[in-house]
Amino acid sequence: MIALTVAEMREVDRQTTARFGIPGLQLMESAGQQVCAVILRWLGGARTPESQQDWKILILCGKGNNGGDGLVVARHLKVTGIEPQVYFLGDPTNLTGDAGENFQRWRSAGGTVNVVDSEREWGKISSAIGSSDVIVDALLGTGLRGAVTGTTAKAITAVNEFSRNATAARPGLIISVDMPSGLPSDGEAAEGPVLQAHQTVTFTAPKIGQLIGPDAACTGALEVRQIGSPAELVEELGRGEVRWASAEEFAKLPLVRAADSNKGTFGHVLLVAGALGKSGAAVLAGRMAVRAGAGLVTIATPAVVLPVVATAQAEYMTVPLQATRAGTVALKNVQGGRWKKIEEGKSVLAIGPGLGTEAQTQQCIRAMVRSTELPVILDADGLNAFDGRPDELRQRKSKFLAITPHPGEMARLLGKSIRDVQRDRLRAAKEAAKRWNAHVILKGFHTLIAAPDGAVFVNTTGNPGLAKGGTGDVLTGLLAALTAQFKTGEWLRVLALGVYLHGLAADIGATRMDPSGLIADDVIALVPEARMKLLQELQKIG
């Protein structure tokens, strides 16, 4: 799904009414209903208090349409028997249009509004924030210009302080309506405070600032809900190159296996990984390649660690590589014809996990990347081999190269600081993809998948449980397995699928345990379930 700027979103809303006859009031009603549904889903999964009615829910409303959305949320919660506290920042009698109509509907439904229209009345809202279990942020939407000031800025700051920037045990849920208040919609840096949400429910399409802005992490988990605008209208009016890696982006891939399939149908992964003391990286990457559906998996690893690797998973094959004294891959492996024989019959080469940074090993890595004609997934120590010589990434026979740097690795390859990379992740990923004619998977919060032609996917699955050793190795195995299965005809989409499933597996895991306890093996085990969940979602979409 294409991501929209604020101007594009306004035009989508306008044309939804003008061309398709759906009035703004109906769009606002649908938006509030969708947010209410997400809150009720969360309440249903929570264990305490004993009933939903016992939760203390605070809805903070601003004086624009975002506040109108919040009033719809309040009304629909009230219908279920939940009595939310509604605080309005400003004078609600000045509300006009759809927001004004929903203020009157809330009052007609017996709802009360606590008005905070000056600094002197701040005490009313301060105590309410500090006693809430759930906070609904409906202060500011997509129309923000400049810095947030006044009581709205104080409210944002108070929520952030109470929640310790959404890391404290309480409130249990901070949910933003359409945009976290204070977050610019078009990806620029915020000039004032931004509310830190656990979750944001946005409407129709994701906004650029939620995906790639320097403050995008304030969005928390992003959920896009449809409220009536046709999907074809969004695609028609969206002009950008950034797409959100949503489930429907993978609908045309052959996710269901044919009845007459065999192991040859799904390709053969060749993984060069591991060294003395780092055999686990090879094991994890190989295990994921098997679990993610590759027909065959061969791990080429130094002979000194091959017994460890070979006994870790019965399903994959191994090839012993000659080793240096340090137990890493030796340069002599690419001298003569042996390497060509190892590559023979393989579908994709994944290289890097746990290989180490011995000079001879790095020479060997560069030689393998330079000489192979297979699609290449280059990760970890594979990337380290090109530190100080990144333009050698272009000096290769293969038409297809995907690199998977984290921000530190990207900074070293581009000769920039990590801060520079993180300040404009989109620019860094696109620059690298074009410079090296490679697909770039810039890992981190909202991983970017960029193609040489400028097209970009942004992935929003995943959670902090992935911030642990080994999860990058399993991503390499997953990308290799999917490349073996789906080939390179739509490689950007295939790579985006790998990142999506990797994060979705972690999200499934986080529903069963605290994310702090998630390990790479959990992600491996859950990828088949993630793939099944994707398929079910696509079948539901139709």
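Which residue follows helix 9, and what is its phi? Gly293 follows helix 9, with a positive phi near 110°. The model is predicted: local features need pLDDT of at least 70, side-chain atom pairs count only at pLDDT 80 or more, and totals for chains, interfaces and linings use all residues. Residues are numbered from 1 along each chain as its sequence is written, and side-chain values use heavy atoms, with hydrogens and water left out.

**View 1. Helix 9 and its length.** Helices (H or I, at least four residues) and strands (E, at least two) are DSSP runs, numbered from the N terminus. The expected span of a helix is 1.5 Å times one less than its number of residues. The 13 residues of helix 9 should therefore span 18 Å, and its end C-alpha atoms are indeed 18 Å apart.

**View 2. The surroundings of helix 9.** Of the 13 residues in helix 9, 10 are buried, so the rest of the structure largely encloses it. Buried means under 20% relative accessible area, exposed over 50%, partly exposed in between (1.4 Å probe, protein chains only). Among the buried residues are Ser279, Val283, Leu284, Arg287 and Met288. Their cover includes strand 9 (268-272), strand 10 (296-302), helix 10 (306-312), helix 17 (471-486) and helix 19.

**View 3. Helix 9 against helix 19.** Helix 9 (residues 279-291) packs on helix 19 (residues 520-541) at about 10°, with the axes 9 Å apart. Helix 9 is therefore roughly parallel to helix 19 (angles under 35 degrees; over 145 is roughly antiparallel, 65 to 115 roughly perpendicular, the rest oblique). Axes are lines fitted to C-alpha atoms, for helices over the stretch in contact; angles run from 0 to 180 degrees between N-to-C directions. Leu284, Arg287, Met288 and Arg291 of helix 9 meet Ala520, Asp521, Val523, Ile524, Val527 and Pro528 of helix 19; contact means heavy atoms within 4.5 Å.

**View 4. The open sheet.** Ten strands run in the order 8-17-16-15-14-13-12-9-10-11, with mixed pairing. Two strands pair if DSSP finds at least two bridges between them. Strand 8 (242-244) and strand 11 (317-321) are the edges; each has a single partner strand, so one side of each lacks a neighbour in the sheet. Neighbouring strands turn by 20° against each other on average, direction ignored.

**View 5. Strands 13 and 14, with helices across the sheet.** Strand 13 (residues 376-378) pairs with strand 14 (residues 401-403) in the parallel sense over three bridges. Val376 has Leu401 as its bridge partner in strand 14. Helix 12 (residues 359-371) lies across strand 9, strand 12 (348-351) and strand 13, at about 160° to strand 12.
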